[in-house]
Structure formats: C-alpha cells, structure tokens
Amino acid sequence: MAKSAPRKKKPMADAGAADGAWPEERIQVAQTPWLSAPWAQFLALQQAGRLPHGLLITGARGLGLMSLARRIMAYSLCQSPITTPGAEGACQVCPACRLRLAGTHPDILQLLGSGSASGISIDDIRALIDAFSLTRYGPLRIALIEQAERMNRNAANSLLKLLEEPPAGSLFLLTAERADLLPATIRSRVQRLVVTMPTRPVMVRWLCDTQGVTEADAQMLWFMGEEQLISGQLPAWDWMAATQAWVALNEGHSGVLATVKCWQNIPRDTLARWLLRLWVEVMRVQSGLASEAPSQLAPLIGQLSRHDTQAHWLKCHPVLLEFLQTASHPLNDELALERLALDLTDPSLPARLA
Ligand SMILES: [Zn+2]
C-alpha cells in the first residue's frame, strides 16, 4: 500500500510497516487540562455504545491533537482496556497492544504528515479504501488521518463515499487545525472533539510542571505557539537574530542582502509565522494595548512599532500573508526573501508596480 504514495516521507503505515513503531508519548492526555475534556467526551461515547464511525479532533497546532488521537486508537484496539474511572487506557500488554506498540497492528491505517508541504491525494485515499476490503485482525479497524485539511477535493470526495457507507467495525479518526477547510459534507459525517486553547497561565504552568522547562522558556513557547508548544523544546533557529534583523532593516541599519542572509537560515514557513506573530504585537503596541511578548522581545517590538506609522504596518500585513501562502512553493529562497525584505521596507511598492 505504501507504494501508492512514494513521494511522502511517511506514507501509510500498514501491516508490517517496519518504521511504524508506536511513538513514545510525552504527554499524559488525561492529565493535560485541554485534552482531558475531549478524552472524557470520547470515553462517554464509547461507554454508552454510541461511538460514531467518524471522529474529528480539531484544535490549534501544538496542542497534542495526535497524542489524543493515538490514545483513542490505543484504547479502542486494546483487548482488555483499563476502565477504572480516571485511569482509562490501553493495557499495553495484550496481543493487540503489543502489535500496536511494535507498529505492526494490521488494523491501524495512517495517513500521517503535518505542514502544508505534503498533501493527501486521491491515491492515498484509494489505498485506504483498498485496505478496508481486507480481512480485519480484530473487531475494529481504525484509519487515522492527520491534518485532514491536507486532502485535495478529489481525495475528500473519495473519503466522503467511505464515510457515507462505512464498513462494519471501522473508525475514522481525523485531526484538523482548520476544520473549516474540510467540506461540510465530511464535517457532517463525523463527530467533533474540540481541543480548546488553554489560557496562558494554564499552559505556562503545565510546561513548567510536566515538561521541566523554565518559566522564561515556557513564556517564549507560549508566544511562539505552533508545533513546538507542548514539546517543551524551543526550536533551534535563532528567533532573536531574526527579529533583530527585521529591526535593523526597518531602521535602515542594514540592507536587504544582510537581512536575507540572516533569514535564510530559517524555513520560510517558520519565518513567515514568526514575522506575522511579531506583526500582531506591533499592532497591539501601536493601539495602546499591552504586548503579549516575553520580556526579551519587548524592546525590539517597541523599536518596530515606534519606527513606522500604523499605515505602514497595515500595508505590511498582506505582504507577510502572501509570503506565508507561498512559503511551501518551490521558489528560490534567496529571491523570495529578497522580495519580502524589499516589500517590508516599502510595502507600497508592490501596489505601485502592479
Ligand atoms: Zn491491551
């Protein structure tokens, strides 16, 4: 089955996939404040015998949607799950659990991959449909589709047919950051489990207590959001240097080329999200609101907001959005960054040239 999607790093982990070993879970779903509610919702459905064929887990990136999905999967496949209230989970020792942990459970089908770069094609979904025609090992077969909004229209239509007439003993588990990008027809066929964004104090405390990060790092992780949030690990790229480069460009202390040289070390998608995050803070400060930025960034955001007018910054927004939208395009990095730096220096330029 994997051969149908050779361009993906990690296509479908089906029966016998050697690299599909179950990932070690770093977070305790039931003890994680923002995951415990959707987990309880799932348990309630399951215990009432009202588990639908399709579940859609929605929420922001970095909140552990996949951890929740994997916990649901493990529990559902386990042959003797622990049902003690508050301690529900897979037993980890039954034959089904052992197969799952080894990454060789034949009833687990996964379309993994995050980020906008790897889409889900109709071939991927067809491979999934084919897999459903095979004999099951246990009473339930689960298809997990990570970031289901990566499906193109044909793929979504194809999945819809499967959801409309789900094979007996099947569970479709979808995760999505942007559920609104999924066709309404799909959304209406699945029950939603919503992972809501915790407040800043809740998240910071959780990071300090369970992931062992310092308060300062926890504040920075909160500010950054995204995938690294619950990992408790700050990314390797230098966000201070990236921010300083923007300040220097803005104030005319360094040219476009120097800025490009600094920004080139950062994946375009990451850089785009970072600059947009800073932009929000600049707007906040200019509007007289308190900045949410950690203390080490506050002076730089102050410099950005003082140097230009709100009209200038408003024009920067479409520039940044366009840069984000084209971040996954196979453009020449240097050219894309050069254009970004030029446009941010004079955001009226693109309009003048058009
Ligand atoms: Zn088990």
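The following dialogue examines the zinc site, the nonpolar cores and the aromatic pairs of a predicted model.

Student: Which residues are the protein donors of the zinc ion?

Tutor: Each donor atom is an SG, lying 2.2 to 2.3 Å from the zinc ion. In sequence the donor residues follow the spacing C-x12-C-x2-C-x2-C. The donors are Cys-78, Cys-91, Cys-94 and Cys-97.

Student: What is the geometry of the site of the zinc ion?

Tutor: The site has four donor atoms, with angles of 102 to 118° among them. Four donors count as tetrahedral if all angles lie between 85 and 135 degrees. The site of the zinc ion is therefore tetrahedral.

Student: Are Cys-91 and Cys-97 buried or exposed?

Tutor: Both residues are donors of the zinc ion through SG. A residue is called buried when its relative accessible area is under 20%. Cys-91 and Cys-97 are both buried.

Student: In the largest nonpolar core, which residues touch the most other members?

Tutor: This core has 47 residues. The elements that each supply at least two of them include α1 (33–47), β1 (54–58), α2 (65–77) and α7 (200–211). The largest share, nine residues, comes from α2. The residues that touch the most other members are Ile-72 and Met-203.

Student: Why does this core lie between domain 1 and domain 2?

Tutor: Domain 1 spans 2–194 and domain 2 spans 199–235. The core lies between them because residues come to it from both domain 1 and domain 2.

Student: Leaving aside neighbours within four places in sequence, with which residues is Ile-72 in contact?

Tutor: Contact here means heavy atoms within 4.5 Å. With neighbours within four places in sequence left aside, the contacts of Ile-72 are Trp-39, Phe-42, Leu-55, Ile-57, Leu-173 and Leu-193.

Student: How many residues are in the other core that lies apart from the largest one?

Tutor: Among the members of this other core are Trp-263, Ala-272, Met-283 and Leu-340. The number of residues in that core is 37.

Student: How many residues apart are Trp-34 and Trp-206?

Tutor: These residues form an edge-to-face aromatic pair, 4.9 Å centre to centre with 70° between the planes. Trp-34 is buried at a relative accessible area of 4%, and Trp-206 is buried at 7%. Trp-34 belongs to helix α1 and Trp-206 to helix α7, so the pair links distant parts of the chain, 172 residues apart.

Student: What is the angle between the planes of Trp-237 and Trp-239?

Tutor: Both residues belong to one aromatic cluster with Phe-223 and Trp-274. Trp-237 and Trp-239 pair edge-to-face at 6.2 Å centre to centre, and the angle between their planes is 80°.

Terms used: Residues numbered from 1 in each chain as written. Predicted model: local features only at pLDDT ≥ 70, side-chain atom pairs only at ≥ 80, totals over all residues. Heavy atoms only, no water. Donors = N, O, S within 2.8 Å, 3.2 Å for Na, K, Ca; no water. Tetrahedral: all angles 85-135°; square planar, octahedral: opposite > 155°, others 65-115°. Buried < 20%, exposed > 50% of the residue type's maximum accessible area, 1.4 Å probe, protein only. Core = buried A, V, L, I, M, F, W, Y, C linked by side-chain atoms within 4.5 Å. Helix = DSSP H or I, 4+ residues; strand = E, 2+ residues; numbered from the N terminus. Domains from an automatic or database assignment. Phe/Tyr/Trp six-rings, centres within 6.5 Å; stacked < 30°, edge-to-face > 60°.
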